[in-house]
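Work through the exercises below with the model open beside you. Try each task before reading its solution.

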Amino acid sequence: MQGKIIKGIAGFYYVHAGESGVYECKAKGIFRNQKIKPLVGDNVRMTILDDRDREGNIEEILPRTNELIRPAVANIDQALVIFAAAKPKPNFNLLDRFLILMQYQDVPAVICFNKQDIAEEQELKLLRDTYINAGYEVRFTSAVTQAGVEEIRRLLKGKTTSVAGPSGVGKSSLINLLAPEAGMETGDISRKIERGRHTTRHSELFALDGDSYICDTPGFSSIYLPDMEKEELGSFFSEFGEYEGHCRFQGCAHIHEPDCAVKEALSEGRISPIRYENYKLLYDELKDKRRY
Ligand SMILES: Nc1nc2c(ncn2[C@@H]2O[C@H](COP(=O)(O)OP(=O)(O)OP(=O)(O)O)[C@@H](O)[C@H]2O)c(=O)[nH]1
Ligand SMILES: [Mg+2]
Ligand SMILES: [Zn+2]
């Protein structure tokens, strides 16, 4: 029998086998035979040990299309990164880091700005302009009015999508609308800290229908840049692409060099100052890291 690992807790793996439902499995022999640890998202072959108690053993992990390091999940088709358009205001540096990390792992990212209902039109415009101009797919939603939610549902169809974003932006609220049986707890950040138990600690997949899964992953408050040379950073800012061939110097870092076409585009408003500032900050971070 085949299935997909939807959750892993303390040595047990929960395998969703379509119509047959979910089995609680061990993975005896897997590490020894295949030298890999099962991940949420893995497609597996299993044997059923007890059909009434719904217990099984994972016999084989089927080939992965990809394997993300953060979050640690396999076979992800796309990432849906959720930030709030307001309350909390989006942290652009964190968003850009996340986008770089996904591109580094070859996972297409779609940006969703939630809480559209409480953001000013001006704030929404800034978000739209900044990230559409940077070449990303951008969606706006509200878990309260449900605006944009159907569009997200269409986006998820037939794919396994990993949902990520900082705490308090409405990830669980949106997942509950998309997969009501997920039954995720939602709440105010302050209340959460007091009680300290809503926070997602494990990645978990929810089946939306036969061939669509959504993966809730632990929220993040910081992200390390992937290991790369500072010279590679520019390739993660695809909006620089059409200008960088016109810089005076080949290999221009677009920081202190004269006759830099990227800086010229910046001064003419064709490149977003938010994105450019993040580029500079991240460039310095890579430079400092390499010095030692
Ligand atoms: N106005 C408004 N409030 C929202 C929206 N979506 C979520 N909220 C509220 O924002 C708060 C946080 O929502 P959650 O869904 O718990 O956020 P989360 O991203 O899952 O947070 P963590 O689990 O801590 O990572 C709750 O009080 C929600 O009711 C929205 O679209 N508009
Ligand atoms: Mg949540
Ligand atoms: Zn340049």
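The exercises start with the overall fold and end with aromatic pairs; the model is a predicted one.

**Exercise 1. Overall form**

Task: Decide whether the radius of gyration of the protein agrees or disagrees with that of a compact globule.

Solution:
- Start with the elements. The protein has nine helices and 11 strands.
- Take the length, 292 residues. A compact globule would then have a radius of gyration near 19 Å.
- Compare. The protein has 21 Å, which agrees.
- Add the dimensions. The C-alpha trace spans about 70 × 45 × 35 Å along its principal axes.
- Turn to burial. Of the 292 residues, 48% count as buried.
- Look at the contacts with a separation of 6 or more. Residues 24 or more positions apart account for 64% of them.
- Finish with the surface. About 15,100 Å² is accessible, and carbon and sulfur atoms hold 49% of that.

**Exercise 2. The zinc site**

Task: Find which atoms coordinate the zinc ion (ligand 3), and assign the geometry of the site.

Solution:
- List the donors. They are Cys247 (SG), Cys252 (SG), His254 (ND1) and Cys260 (SG), at 2.1 to 2.4 Å.
- Read the spacing in sequence. The donor residues follow C-x4-C-x1-H-x5-C.
- Check the angles among the four donor atoms. They run from 105 to 114°, and the site is tetrahedral.
- Recall the reference value. Four tetrahedral donors ideally give 109.5 degrees.
- Check burial for two of the donor residues. Cysteine 252 is buried at 10% relative accessibility. Histidine 254 is buried too, at 3%.

**Exercise 3. Three residues in context**

Task: Place threonine 130, glutamine 116 and leucine 286 in the fold, then classify each one by exposure.

Solution:
- Threonine 130 sits in helix α3 (residues 121-133). Its relative accessible area is 3%, so threonine 130 is buried. Beyond its neighbours within four places in sequence, it contacts Ser272, Ile274 and Arg275.
- Glutamine 116 belongs to the loop between β7 (109-114) and α3. At 26% relative accessible area, glutamine 116 is partly exposed. Residues up to four places away aside, it touches Leu124, Phe140, Thr141, Ser142 and Ala147.
- Leucine 286 lies in helix α9 (residues 273-291). Its relative accessibility is 1%, so leucine 286 counts as buried. Apart from neighbours within four places in sequence, its contacts include Leu225, Pro226 and Met228. The C-alpha atoms of leucine 286 and proline 226 are 9.6 Å apart, with their positions 60 residues apart along the chain.

**Exercise 4. Aromatic pairs**

Task: Classify two aromatic pairs, and state which parts of the chain they link.

Solution:
- Note the total. The structure holds 12 aromatic pairs.
- Take phenylalanine 92 and tyrosine 131. Their ring centres are 6.2 Å apart and their planes stand at 20°, so the pair is stacked.
- Locate both. Phenylalanine 92 is in helix α2 (residues 92-104) and tyrosine 131 in helix α3, so the pair ties together parts 39 residues apart in sequence.
- Check burial. Phenylalanine 92 is buried at 18%, and tyrosine 131 is buried at 0%.
- Now take phenylalanine 237 and tyrosine 279. With 5.4 Å centre to centre and 80° between the planes, this pair is edge-to-face.
- Locate these. Phenylalanine 237 is in the loop between β11 (212-216) and α7 (241-244), and tyrosine 279 is in helix α9, 42 residues apart.
- Check burial again. Phenylalanine 237 is buried at 1%, tyrosine 279 at 2%.
- Close with the cluster. Ring pairs join Phe92, Phe113, Tyr131, Tyr136 and Phe140.

Definitions and conventions: Residues numbered from 1 in each chain as written. Chains lettered and ligands numbered in written order. Predicted model: local features only at pLDDT ≥ 70, side-chain atom pairs only at ≥ 80, totals over all residues. Heavy atoms only, no water. Helix = DSSP H or I, 4+ residues; strand = E, 2+ residues; numbered from the N terminus. Buried < 20%, exposed > 50% of the residue type's maximum accessible area, 1.4 Å probe, protein only. Contact = heavy atoms within 4.5 Å. Donors = N, O, S within 2.8 Å, 3.2 Å for Na, K, Ca; no water. Tetrahedral: all angles 85-135°; square planar, octahedral: opposite > 155°, others 65-115°. Rg over C-alpha atoms; globule rule 2.2 N^0.38 Å. Areas by Shrake-Rupley, 256 points an atom, 1.4 Å probe, with all protein chains shown as cover. Phe/Tyr/Trp six-rings, centres within 6.5 Å; stacked < 30°, edge-to-face > 60°.
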